[in-house]
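Got your viewer open? Let's take a walk through this model, one selection after another.

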Amino acid sequence: MTMLQDILKFNVDFVQEKKYEPFITTKYPDKRIVVLSCMDTRLVELLPKAMNLRNGDVKIVKSAGALVSHPFGAIMRSLLVAVYELQADEVYVVGHYDCGMSAVDPEAMLSKMVNRGISPETIKMMEYSGLDLKEFLRGFGDVATSVKKSVDTIRNHPLMVKDVPVHGLVIDPNTGRLDLIEDGSLYQG
């Protein structure tokens with residue numbers, strides 16, 4: 001049985017036994033916040049518990065490294081939708097220590113792509129088209145600096161209202177300890 005078949009088999013029982021009922025809520029976050037966090041597997045349950053968040057409390061947006069890599073990309077659009085359409089009044093950017101994005105080597109990733117079947121011609125064509133693949137795939141060195149950069153991108157976005165505080169934190173993926181990097185309340189205007 002494949003993983004997909006396992007999931008679908010489980011889901012049939014989940015729905016038939018009404019195990020979804022404890023999770024029923026609205027699309028609006030009760031605590032009126034949106035969190036941008038990393039997609040790291042250690043944070044799936046730890047981050048909400050460490051922040052005292054339950055189902056229905058928050059909108060969670062995930063990206064590798066909790067990065068807003070483009071000011072007009074899908075991550076920033078999701079944050080704007082959370083604020084303007086889904087009643088989020090605060091934004092939290094939560095990076096984490098020991099993040100895989102801090103060790104991403106663009107050359108090594110491109111090599112892995114070729115080894116898995118992406119043709120070198122495709123890579124050359126994308127680079128010829130103006131995409132700097134090494135920059136696109138590059139990770140970061142320091143998580144606190146990366147969080148500050150994402151906070152700054154969100155806070156200074158031309159479509160982000162200035163009265164929404166944008167906070168920056170770093171979580172320890174082993175203990176759940178949160179370190180404050182930016183208190184967005186200090187920058188409201």
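Before you click anything, here's one term to keep handy: a residue counts as buried when its relative accessible area is under 20%, as exposed when that value is over 50%, and as partly exposed in between. Also keep in mind that you're looking at a predicted model.

**Stop 1: serine 63 and alanine 64**

Select serine 63, which sits in the loop between β2 and α3. Is serine 63 buried or exposed? Its relative accessible area is 10%, so serine 63 is buried, falling under the 20% cut-off. Setting aside residues within four places in sequence, serine 63 is in contact with Leu36, Ser37, Cys38, Met39 and Ile75.

Now select alanine 64, which is in the loop between β2 (58–62) and α3 (74–84). Alanine 64 has a relative accessible area of 28%, so this residue is partly exposed. If you leave out residues up to four places away in sequence, alanine 64 touches Cys38, Met39 and Met101. Try a distance from alanine 64 to glycine 139: these two are 75 residues apart along the chain, and their C-alpha atoms are separated by 9.0 Å.

**Stop 2: the annotated site**

Cys38 has come up in the contacts of serine 63 and of alanine 64, so let's go there. Select Cys38, Asp40, His96 and Cys99 together: an unreviewed UniProt entry annotates these as "binding site". Why do they gather at one spot? Although they span 62 residues in sequence, no two of their C-alpha atoms are more than 8.7 Å apart, so they come together in one place.

Zoom in on histidine 96, found in strand β3 (residues 90–96). Histidine 96 is buried, with a relative accessible area of 1%. Among its contacts beyond four places in sequence are Cys38 and Asp40, along with Arg42, Leu43 and Val170.

Then click cysteine 99, which lies in the loop between β3 and α4 (106–115). Cysteine 99 is buried too, at 5% relative accessibility. Not counting residues up to four places away in sequence, cysteine 99 touches Cys38, Gly65 and Phe140.

**Stop 3: strand β3 and its partners**

Next, select the strand that holds histidine 96, β3. How many of the 7 residues of β3 are buried? The count is 6, so β3 is largely enclosed by the rest of the structure.

Add strand β1 (residues 33–37) to your selection: β1 and β3 run parallel and are joined by 5 bridges. One pairing to look for is serine 37 with its bridge partner in β3, valine 94.

Now add strand β4 (residues 166–171), which runs parallel to β3 and is joined to β3 by 6 bridges. Here, look for glycine 95 and its bridge partner in β4, valine 170. While you're showing side chains, remember that in a regular strand they alternate between the two faces of the sheet.

**Stop 4: the largest pocket**

Last stop! The largest pocket has a volume of about 700 Å³. To find it, select Leu67, Ser69, Glu135, Phe136 and Arg138, which are the closest to the pocket's centre among the 23 residues lining it. Two elements give two or more residues to this lining: α6 (133–137) and α7 (143–155). Which of them provides the largest share? That's α7, with 5 residues. Try colouring the lining by class, and you'll get 10 nonpolar, 9 polar and 4 charged residues.

How values were computed. Residues are numbered from 1 along each chain as its sequence is written. This is a predicted model: local features need pLDDT of at least 70, side-chain atom pairs count only at pLDDT 80 or more; totals for chains, interfaces and linings use all residues. Side-chain values use heavy atoms; hydrogens and water are left out. On a 1 Å grid over the protein atoms alone, a cavity is a set of points where a 1.4 Å probe fits but cannot get out, and a pocket is an open set with protein on both sides within 12 Å along at least five of seven lines; lining residues have an atom within 4 Å of a point. Grid points are joined across faces, edges and corners, and a volume is the space filled by probe spheres set on the points. Helices (H or I, at least four residues) and strands (E, at least two) are DSSP runs, numbered from the N terminus. Ala, Val, Leu, Ile, Met, Phe, Trp, Tyr, Cys and Pro count as nonpolar, Asp, Glu, Lys and Arg as charged, and the others, Gly among them, as polar. UniProt positions are given in the numbering used here, feature names are shortened, and annotations may be inferred rather than shown by experiment. Buried means under 20% relative accessible area, exposed over 50%, partly exposed in between (1.4 Å probe, protein chains only). Contact means heavy atoms within 4.5 Å. Two strands pair if DSSP finds at least two bridges between them.
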